[in-house]
Amino acid sequence: MMPNSSLLVCDLHSHSGYSGGVGQMQLPELLPAMSRKGIDVFGTGDALHPKWFSLLQRHLEPSKPGLWTLPGFDISLVLQTEVVFTYPHPCGGRKSFHQVILFPSFETVAELMKHMEHWNVKNTVGRPFITCDSVEQLRERVENIANIHETIEQFPAHVMTPEGILGSKNPVDSLADVFGEVLLLIHAVETGLSADPEVLSLIPELDHFTLLSNSDCHSARPDRLGREYTELRVEQIGFEGIVQAIRQRKVERTVEMNPMEGKYYWTGHRGDKMKHDGHACCYDVDRAPKTCPICGKALTVGVAQRAYDLSKIQGGNRHPGEATHKHPPFVHAVPLVEVVALALGVKNPLSKRVLSIYHAILDAMGNEAELWRMSPGDVVETLKGVIDERVVEAIERIKTRRYKMEPGYDGVYGVLHW
């Protein structure tokens with residue numbers, strides 16, 4: 001451990017209601033929720049959207065260098081957005097992928113707004129589309145963003161989902177195929193909910209990048225905010241310290257949802273597709289047919305299959321569960337309200353009964369991040385006699401990985417059960 005270093009729990013990718021998500025991210029409810037989850041630094045989301053940008057400017061004040069907070073809170077925010085790059089795919093159609101950008105100041109956000117105006121980008125949604133005429137133009141714009149300030153950090157979001165840069169939708173075979181010479185400006189990739197460091201270790205190219213995990217949430221719900229995060233070892237607490245830790249691969253560990261709970265782990269079609277009449281189909285690695293047996297159309301290729309295919313394409317020949325590359329430490333977590341709901345047999349993880357027990361657990365533990373940091377035995381000892389024994393047993397089962405997960409596929413979340 002470096003002298004005088006600090007550990008920061010960071011969730012660096014979120015959204016406001018301007019991204020068209022299912023919820024609204026309100027600042028007064030956001031920071032208390034972060035405190036309960038144990039998050040030290042949280043991404044604002046949608047910093048480029050004029051209305052959200054204005055709201056952030058009016059209400060935030062500096063906390064640490066390059067970080068912000070609401071008056072009265074000891075929780076920090078980093079100015080952050082997600083954009084969608086799109087360019088002509090060499091095989092026809094267009095390739096689109098999502099990219100997270102972190103900013104050191106409001107001035108640098110405003111500078112990118114000016115670039116976007118020059119690029120004729122319609123900055124009317126929280127996740128703006130940067131449409132490029134060629135891959136060369138895309139690379140030029142990635143470089144333009146980097147040149148706004150030396151500490152601006154940008155990285156591909158949920159790298160393996162269909163809309164990710166290495167995902168199955170209009171696929172490319174490597175990051176280098178997209179970024180070319182400006183790949184030197186990319187230091188990290190985001191694992192996404194349907195992947196973890198073990199899944200990504202199948203892909204040789206990703207051996208050279210920092211793996212970050214973030215919630216990509218649209219609300220302060222306890223099963224959304226902080227459902228994934230990254231623990232960074234920083235030399236100085238502030239924006240530059242965070243960026244330096246990302247670039248120097250100083251990840252202490254990531255906390256990941258089990259990728260099978262993510263919406264795109266297996267290959268398949270959900271039941272509401274045309275001609276499916278409610279009947280779904282999904283397949284594990286290397287078992288999927290070429291077309292859907294129900295509707296005859298191409299299946300949505302899942303992250304597990306895509307990672308395995310890329311391993312072969314890139315010459316790694318790494319197999320699921322057998323990848324040998326050393327990935328950063330990580331732990332699988334399940335949103336705590338889901339665990340409580342399952343233990344009690346309650347369908348709604350946000351019911352008053354579930355939330356009452358959830359907050360009792362956090363009162364005993366300090367915050368949710370501490371629960372995933374402690375050993376199973378210490379968690380049981382801390383919670384014994386505090387909450388329902390069924391919930392204590394359920395948490396222990398999650399901590400010791402004695403549970404089952406019906407894998408997610410084609411936009412359907414996986415389902416936890418015993």
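# A tour by selection

Start with Leu362, which sits in helix 10 (residues 352–365). The model on screen is a predicted one. Leu362 counts as buried because its relative accessibility is 1%, where the cut-off for buried is under 20%. Show its contacts, leaving out residues up to four places away in sequence: Leu362 touches Arg36, Leu336, Asn367 and Glu368. For a long-range pair, draw a distance from the C-alpha of Leu362 to that of Gly38; the two residues are 324 apart along the chain, and the C-alpha atoms are separated by 9.7 Å.

**Leu336**

Move to Leu336, one of the contacts of Leu362. Leu336 belongs to helix 9 (residues 336–344). Is Leu336 buried or exposed? With a relative accessible area of 1%, Leu336 is buried. Its contacts, again without residues up to four places away in sequence, are Tyr358, Ile361, Leu362, Glu368, Leu371 and Ile395. Glu368 therefore appears in the contact list of Leu362 and in that of Leu336. A C-alpha to C-alpha distance from Leu336 to Pro349 gives 9.0 Å, for a separation of 13 residues in sequence.

**Helix 8**

Select residues 303–313, which make up helix 8. Of these 11 residues 8 are buried, so the rest of the structure largely encloses the helix. Colour the buried ones: Val303, Ala304, Gln305, Arg306, Ala307, Tyr308, Leu310 and Ser311. What do the buried residues of helix 8 pack against? Their partners are helix 6 (197–200) and strand 13 (267–269). After the helix comes Gly315, with a positive phi near 80°.

**Two positive phi angles outside glycine**

Most residues other than glycine have a negative phi. Two residues to check against that are Asp286 and Asn120. Asp286 is not a glycine, yet its phi is positive, about 65°. To find Asp286, look in the loop between strand 14 (281–283) and helix 8. Asn120, also not a glycine, has a positive phi of about 60°. Asn120 is in the loop that runs between helix 3 (106–118) and strand 7 (129–131). Its relative accessibility is 69%, so Asn120 counts as exposed.

**Salt bridges**

Side chains of opposite charge can pair when their charged atoms come close. The count for this model is 16 salt bridges, taking a side-chain nitrogen of Lys or Arg within 4 Å of a carboxyl oxygen of Asp or Glu.

Select Lys250 and Glu235: they form a salt bridge whose closest N and O atoms are 3.0 Å apart. Lys250 lies in the loop between helix 7 (239–247) and strand 12 (251–257), and Glu235 in the loop between strand 11 (229–234) and helix 7, so the pair ties together parts 15 residues apart in sequence. Lys250 is partly exposed at 22% relative accessibility, and Glu235 is partly exposed at 45%.

Next take Arg270 and Asp272. The closest N and O atoms in this salt bridge are 2.8 Å apart. Arg270 is partly exposed, with a relative accessible area of 28%, whereas Asp272 is exposed, at 60%.

Then go to Asp388 and Arg390, whose side chains meet in a salt bridge of 2.9 Å, N to O. Asp388 is partly exposed at 30% relative accessibility, and Arg390 is partly exposed at 40%. For a linked set, select Glu231, Arg253, Glu370 and Arg373: salt bridges that share partners join these residues into one network.

**A negative patch**

Switch to a surface view and select Glu136, Glu140, Glu143 and Glu181. These residues gather in a patch of negative charge on the surface. Within the patch, pick Glu140, which is found in helix 4 (residues 135–148). At 47% relative accessibility, Glu140 counts as partly exposed.

**Ser96**

The last stop is Ser96, in strand 6 (residues 94–103). What does Ser96 touch, not counting residues up to four places away in sequence? Its contacts are Val84, Phe85, Thr86, Glu163 and Gly164. Finish with a C-alpha distance from Ser96 to Thr69: they are 27 residues apart along the chain and separated by 33 Å.

Note on methods. Residues numbered from 1 in each chain as written. Predicted model: local features only at pLDDT ≥ 70, side-chain atom pairs only at ≥ 80, totals over all residues. Heavy atoms only, no water. Buried < 20%, exposed > 50% of the residue type's maximum accessible area, 1.4 Å probe, protein only. Helix = DSSP H or I, 4+ residues; strand = E, 2+ residues; numbered from the N terminus. Contact = heavy atoms within 4.5 Å. Patch = residues over 30% accessible without salt bridge, like charges linked within 9 Å, V, L, I, M, F, W, Y side chains within 5 Å. Areas by Shrake-Rupley, 256 points an atom, 1.4 Å probe, with all protein chains shown as cover. Lys, Arg positive; Asp, Glu negative; His and termini not counted. Charge placed at Lys NZ, Arg CZ, Asp CG, Glu CD.
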